[in-house]
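This report goes through a predicted model, moving from individual side chains to an annotated site, one chain's fold and the contact between chains. Please keep the sequence and the structure in view while reading.

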Amino acid sequence: MRFSLQREALLKPLQQVVGVVERRQTLPVLANLLVNVSDGRVSFTGTDLEVEMVAAAATSTSEAGEITIPARKLFDICRALPDGVNVDVKLNGDRVVVTAGRSRFTLATLPASEFPVVDNIEVVERVELPEATLKNLMDRTAFAMAHQDVRYYLNGMLVDLRENALRCVATDGHRLALGETAVQAKVSQRRQIIIPRKGVLELQGLFENGDGLVELEFGKNHLRVRRGDVQFTSKLIDGRFPDYEAVIPIGADKEVRISRDELRTALQRAAILSNEKYRGVKLDVAPSRLGIIAHNPEQEEAHEELEADTSVSDLSVGFNVNYLLDALGALSGEMVLLCLRDGQSSCLLRAVDSDESRHVVMPLRL
Amino acid sequence: MSKLRAIIHVDMDAFYAAIEELDHPPWRGLPLVVGELGPRSVVSTASYAARRYGIRSAMPTLAAQRLCPQALFVPVRMSRYREVSAEVFGVFAEVSPEIEGLSLDEAFLDVTRSLRLFGGEVERIGRYLKQEIHQRTGLNASVGMAHNKLLAKLASELSKPDGFLRIQPDQVHAVLDPLPVGRLWTVGKVAEASLHRLGIHTVGELRFAEPRRLLQACGNQAALWQRLANGLDERPVDSAAEEKSVSAESTFVTDLTTLDQSLSWLAQLAERVGERLRAHGLQGRTVTVKLRKPPFETHTRQLSLPQPSDSTDVLLDAGRELLRRWWAAEKSPSLRLLGIGMSQFAPVPQSGLFAAPAEQGGRDQLADRINRKFGRGSLVRGVVLKSRKPGPEES
């Protein structure tokens with residue numbers, strides 16, 4: 001096995017796969033990358049048994065073959081080399097020799113046969129989406145995923161593929177973020193899969209705001225995403241995501257239209273004096289105005305008053321200010337719409353002119 | 001020093017056994033043991049007649065029977081004891097709102113602010129409690145009075161049964177000094193042994209021990225012990241002392257040897273804990289599973305939840321995880337006792353999306369209502385039915 005690449009051309013695929021490799025592994029071979037050279041191409045595979053990333057590059061000088069090389073070390077060496085240098089990687093016995101200019105490194109290897117790869121997945125559905133759209137959907141919802149919740153099915157993102165639409169939904173049980181986009185593809189039946197948290201974070205890192213298309217393959221137990229030279233595969237969380245549509249309020253008919261930016265900055269100021277643990281702020285709605293009040297245990301108080309387009313009177317409800325700020329940050333558009341019901345019910349937030357992005361926040365009893 | 005407090009410790013004498021004697025006149029005066037005979041069952045309470053044979057609480061009932069073959073063993077009737085307990089606590093509430101209940105039959109009362117109402121003497125209040133409890137329930141209470149909790153409890157213990165004792169501030173050392181160190185609060189078996197190694201056997205010896213030597217041998221606790229040995233104890237009577245944990249456990253007549261069986265029992269116990277959590281409006285952050293393998297080796301395993309919860313599902317998911325991990329790590333797993341509990345209660349102002357009436361919360365609340373109406377176990381998880389065959393002995 002042998003290949004040569006310019007440092008930058010090598011660094012790019014390495015960067016894409018190295019994030020998948022965990023710093024502590026259960027198997028020694030999981031610290032390595034699988035390097036495969038064939039037909040003038042070199043591909044790198046990293047895995048943690050849950051998420052697998054494969055990135056490839058074309059190479060001029062090559063000898064076919066495959067081997068596994070310590071991921072972190074190869075990446076760190078590459079990064080530390082001077083710009084523009086040509087890097088040659090060659091298998092020599094059970095060692096790999098990396099040569100670049102006057103630098104030479106000899107690395108240990110493990111046989112490729114020990115490296116676990118996800119074989120072909122049983123594809124049940126396939127859709128193509130613009131990369132930027134998918135990135136946008138994930139970036140605007142992923143923050144609401146749970147982290148190490150015992151309800152393991154919340155530690156990930158629901159991808160809900162339905163006729164003409166693809167939805168991403170994330171929730172930690174207290175707030176929920178939903179993003180939706182139209183898809184043209186014919187969908188044979190509705191598919192719901194849950195991508196584990198780590199897979200979502202890797203995908204977010206991978207996607208760029210390009211015009212290109214990405215291909216999503218829905219398998220029985222896997223999701224596979226292909227984009228140009230990169231192939232990403234993630235196991236799915238085997239569980240039932242809660243019925244998220246049931247918690248998107250319908251009865252919240254008390255509407256408040258307000259400048260997103262004004263609300264966001266006012267909440268940021270009020271947050272300074274909110275309780276550090278529960279982060280509570282109270283929203284007071286009266287005709288044409290929205291009041292924000294925050295207290296802390298030291299009895300300090302913040303009071304903000306904003307102009308708002310609303311006819312609601314006498315409504316008071318508490319929320320975790322971070323949840324509101326997260327939601328406002330994930331929305332776009334100048335004006336946002338808050339739909340409220342009463343002091344015990346959730347709040348729906350969305351842009352006034354679009355419901356492609358929706359956020360539900362449960363109240364805080366203050 | 002600020003004005004001394006007036007603290008009363010009330011402890012009912014052989015509470016469960018006394019209630020049984022009260023309800024069954026022919027049993028009076030007999031050696032009576034609350035707790036049924038069985039291979040794994042233990043003595044819950046023994047009457048004073050039974051205690052003369054050396055029978056003590058928590059002793060296996062079979063051992064108790066060997067000590068006193070003619071003893072009468074009767075089943076535990078917890079709901080009846082609760083009823084009487086409520087009556088006793090009703091009397092407490094008449095003398096002070098500051099009540100810290102320690103169990104069904106034991107409480108601390110801070111009556112400092114009630115003294116004027118009763119003529120300035122703590123004994124008047126103590127006497128009132130004793131008389132009223134006897135009049136309303138027919139049972140004897142031991143009453144200890146002092147200016148802190150440590151001494152009040154000691155006073156009731158020293159004068160039991162049918163006790164009535166006040167320890168005056170100038171009697172503290174006369175009472176405390178001759179007592180064995182093990183009698184002090186927080187001094188357990190291990191601590192006692194390490195004190196003995198220093199040649200300290202009585203509270204008086206502890207009081208005069210060299211603090212530095214004590215610190216070296218016994219660690220940080222030493223300073224507390226010396227304060228206690230001096231009769232100093234500032235712990236307040238904590239009427240808000242909510243339950244610190246809610247748990248349920250079961251000892252099995254035959255050891256559980258399969259994971260399936262154990263998981264089924266776990267579900268049954270978790271349902272009970274969940275119901276009690278919701279009944280008390282408590283949401284906990286820490287789930288503990290207690291595992292005892294034969295012959296008598298007890299392990300506990302804990303897990304912290306990301307959010308406080310009172311959901312049976314959340315409790316059970318965590319419990320299953322802990323049980324599975326333990327089971328996988330044991331060479332030949334087998335259980336004679338299994339328990340699950342929730343602790344670390346926190347006020348939870350944040351409402352949940354899926355705990356709303358529609359989903360899980362709704363299911364829990366529905367189950368609670370049905371079980372309250374038709375009796376415990378009317379509505380259970382399917383997995384519980386696997387464990388339904390033999391009846392458990394609860395503790």
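The side chain of Thr312(B) makes a polar contact with the side chain of Arg278(B), at 3.0 Å in this predicted model. Thr312(B) belongs to helix H13 of chain B, and, with a relative accessible area of 1%, Thr312(B) is buried, because burial is set at under 20%. Apart from residues up to four places away in sequence, Thr312(B) touches Ala270(B), Glu271(B), Gly274(B), Arg278(B), Asp364(B) and Arg381(B).

A second side-chain pairing in chain B involves Lys293(B), a residue of strand S10, which covers residues 284-293. Here the side chain of Lys293(B) makes a polar contact with the side chain of Glu330(B), at 2.8 Å. When neighbours within four places in sequence are left aside, Lys293(B) is in contact with Glu330(B) and also with His299(B), Trp326(B), Ser334(B) and Arg336(B). Although Lys293(B) and Leu335(B) are 42 residues apart along the chain, their C-alpha atoms are separated by 4.5 Å.

The table sets these two pairings beside a capping contact in chain A, which is taken up again further below.

| First partner | Second partner | Distance |
|---|---|---|
| Thr312(B), side chain | Arg278(B), side chain | 3.0 Å |
| Lys293(B), side chain | Glu330(B), side chain | 2.8 Å |
| Asn320(A), side-chain oxygen | Asn322(A), backbone nitrogen | 2.8 Å |

**The annotated site in chain B**

Which position of chain B carries the UniProt feature "active site"? An unreviewed UniProt entry places that feature at Glu106(B), a residue located in strand S6 of chain B, residues 106-110. Glu106(B) counts as buried because its relative accessibility, 13%, falls under the 20% limit. Beyond its neighbours within four places in sequence, Glu106(B) is in contact with His9(B), Val10(B), Asp11(B), Phe89(B), Glu100(B), Gly101(B) and Lys153(B).

The feature "binding site" is likewise taken from an unreviewed UniProt entry, which places it at Asp11(B) and Asp105(B). These two positions are spread over 95 residues of sequence, yet they cluster in space, with a largest C-alpha distance of 5.9 Å. Asp11(B) lies in strand S1 of chain B, residues 7-12, whereas Asp105(B) is found in the loop between strand S5 (99-103) and S6. With a relative accessible area of 12%, Asp11(B) is buried.

The contact lists of the annotated residues are linked to one another. Not counting residues up to four places away in sequence, Asp11(B) touches Asp105(B) and Glu106(B), together with Ala141(B), Ser142(B), Ser156(B) and Lys160(B). On the same basis, Asp105(B) touches Val10(B), Asp11(B), Met12(B) and Phe15(B).

**Chain A and its helix H6**

Chain A has six helices and 25 strands, and buried residues make up 55% of its 366 residues. Among the contacts in chain A between residues at least 6 apart in sequence, 68% join residues at least 24 apart.

How many of the 10 residues of helix H6 in chain A are buried? Seven of them are, so that this helix, residues 321-330, is mostly covered when burial is taken as under 20% relative accessible area. The buried residues in H6(A) are Val321(A), Tyr323(A), Leu324(A), Leu325(A), Ala327(A), Leu328(A) and Ala330(A). The N-terminal end of H6(A) is capped by Asn320(A), through a side-chain oxygen that lies 2.8 Å from the backbone nitrogen of Asn322(A).

**The contact between chain B and chain A**

Between them, chain B and chain A bury about 1,800 Å², and 63% of this area is on carbon and sulfur atoms. Of the area that chain B buries against chain A, Gln350(B), Leu353(B) and Phe354(B) supply 41%, more than any other three residues. The contact takes 17 residues from chain B and 21 residues from chain A.

The rule for salt bridges finds zero across this interface, while two residue pairs are in polar contact, both at pLDDT 80 or more. On the side of chain B that touches chain A, strand S11 (297-309) and helix H13 (312-329) each supply at least two residues, and S11(B) provides the largest share, four residues. The residues on this side of chain B divide into 10 nonpolar, five polar and two charged.

Technical notes:
Residues are numbered from 1 along each chain as its sequence is written. Chains are lettered from A and ligands numbered from 1 in the order in which they are written. This is a predicted model: local features need pLDDT of at least 70, side-chain atom pairs count only at pLDDT 80 or more; totals for chains, interfaces and linings use all residues. Side-chain values use heavy atoms; hydrogens and water are left out. Contact means heavy atoms within 4.5 Å. Buried area is the accessible area (1.4 Å probe) that two parts lose on being put together, summed over both. A salt bridge is a side-chain nitrogen of Lys or Arg within 4 Å of a carboxyl oxygen of Asp or Glu. A polar contact is a pair of N or O atoms within 3.5 Å; within protein, one must be able to donate a hydrogen and the other to accept it, and residues adjacent in sequence count only if both atoms are side-chain atoms. Ala, Val, Leu, Ile, Met, Phe, Trp, Tyr, Cys and Pro count as nonpolar, Asp, Glu, Lys and Arg as charged, and the others, Gly among them, as polar. UniProt positions are given in the numbering used here, feature names are shortened, and annotations may be inferred rather than shown by experiment. Buried means under 20% relative accessible area, exposed over 50%, partly exposed in between (1.4 Å probe, protein chains only).
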